[in-house]
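Colleague: I have some questions about the terms used for this predicted model. Please set each value against its definition.

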Amino acid sequence: MRLGILGEEHLVTSTDFAQSTAKENRFSWWRLHRRRLCSHCGSSRCTSNCDPEGEAHADAVRSRPCQLAHGKFYQTGIDVRIRTRVTAIEKSNDGLAIRASLNDREEMFNADLMVYVAGRVPDLEPLDLAVAGVVIEKGHLTLKEFLQGVSNPAIYAVGDAASSGPPLTPVVSHDAKVVAANMLNGNYQKLDYLGVPSVAFTIPPIASVGLSEKQAHENGLKFRMRSENAADWYTARRVAESAYGFKVLVEEGTDRILGAHLIGPHVEEVINIFALSIRKGLTAEDLKTTMFAYPTGASDIASMI
């Protein structure tokens, strides 16, 4: 994805970084996943910047799991800057000078290396889709229900080209199966994005599925919420992890799980239990009365709801 900012040529990709043998000491990133890696490898300062459009779940940033994560990041020398737009990158005598703005206030960061990992865009130009009458808007095919082309119903699209659903690998696999079935047997299968989990593979990982507290309120739902810093629970204590917490939303009346937001050891696996519950309509009572193997991360679920 091109950024269109001054000095873009000074950026390196995550692939470049993975293949690099350099020993830079100060990094700047656009995403969570790898900035913690730099810190663990000895970088004295890692700055992370997220532009306003790139922060897809703004209210989640203020949730307890993310607050715990940001606290842990600061402890390990990671300076997190939310809603900060990078405006220019310049070469300096000391590496790179990065200009950024937050609420019209300009800031300057210094770095030895700046890594851009904000995403890729579909490579549609070589396909010459205009010949087939396929309309493209903002880099994606214009689609209707069943991921079928609006301007040319013989065309279907999934993945980055379709811009449908959360941009996650399991979603693309789901969409591909639905589209294949509809192409072969007529349009009858619909997309279902209920209960799609996502994970930021930081240390410790952050995981989320379902509605946030803000979204539940906006949908007019009545729910109870359990939120806690659980660093004193055995799951965290046995691996000496100070960041372990959760926020779980359960609908009043139906007892359905509406959303779960977790940080800590093993949450990248535990979130799948909550995803299954949301997708299949399992209740909080169903989870409470399930006998999970102990001691595992899943065995904490009953105490989270």
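Colleague: Which residue just after H5 takes a positive phi, and of about what value?

Modeller: Glycine 186 does, with a phi of about 90°.

Colleague: How do you know that the length of H5 agrees with 1.5 Å a residue?

Modeller: H5 covers residues 169-185. The expected span is 1.5 Å times one less than the number of residues. For the 17 residues of H5 that gives 24 Å, and the end C-alpha atoms are 25 Å apart, so the two agree.

Colleague: What makes Val171 and Asp175 count as buried?

Modeller: Buried means under 20% relative accessible area. Val171 and Asp175 meet that, as do Val178, Val179, Ala181 and Asn182 in H5.

Colleague: Why do you say that the buried residues of H5 line one face?

Modeller: Look down the axis of H5. Its buried residues fall within an arc of 160°, so they line one face of the helix. The face turned away from that buried side carries exposed residues, among them Thr169, Pro170 and Lys177. Met183, Leu184 and Asn185 are exposed there too. Exposed takes over 50%.

Colleague: What does H5 give to the lining of the second largest pocket?

Modeller: The largest share, 7 residues. That pocket holds about 270 Å³ of space. It has 17 lining residues, and the closest to its centre are Pro170, Val171, His174, Val196 and Pro197.

Colleague: How does that lining divide by class?

Modeller: It has 8 nonpolar, 6 polar and 3 charged residues. Val and Pro count as nonpolar.

Colleague: Why are E5 and E6 called paired?

Modeller: Pairing needs at least two bridges. Strand E5 (residues 85-92) and strand E6 (residues 95-102) are joined by 7, so they pair. They run antiparallel. A hairpin through 2 residues joins E5 to E6.

Colleague: Which residue in E6 stands opposite lysine 91?

Modeller: Leucine 96.

Colleague: How do you know that the span of H8 agrees with its number of residues?

Modeller: H8 (residues 267-280) has 14 residues and should span 20 Å. Its end C-alpha atoms are 20 Å apart, which agrees.

Colleague: Which residues of H8 are buried, and why do they line one face?

Modeller: Val267, Val270, Ile271, Phe274, Ala275, Ser277 and Ile278 are buried. Seen down the axis of H8, they fall within an arc of 160°, so they line one face of the helix. Glu269 and Lys280 are exposed on the face turned away from the buried side.

Terms used. Residues are numbered from 1 along each chain as its sequence is written. This is a predicted model: local features need pLDDT of at least 70, side-chain atom pairs count only at pLDDT 80 or more; totals for chains, interfaces and linings use all residues. Side-chain values use heavy atoms; hydrogens and water are left out. On a 1 Å grid over the protein atoms alone, a cavity is a set of points where a 1.4 Å probe fits but cannot get out, and a pocket is an open set with protein on both sides within 12 Å along at least five of seven lines; lining residues have an atom within 4 Å of a point. Grid points are joined across faces, edges and corners, and a volume is the space filled by probe spheres set on the points. Helices (H or I, at least four residues) and strands (E, at least two) are DSSP runs, numbered from the N terminus. Buried means under 20% relative accessible area, exposed over 50%, partly exposed in between (1.4 Å probe, protein chains only). The arc is that of the directions from the helix axis to the C-beta atoms.
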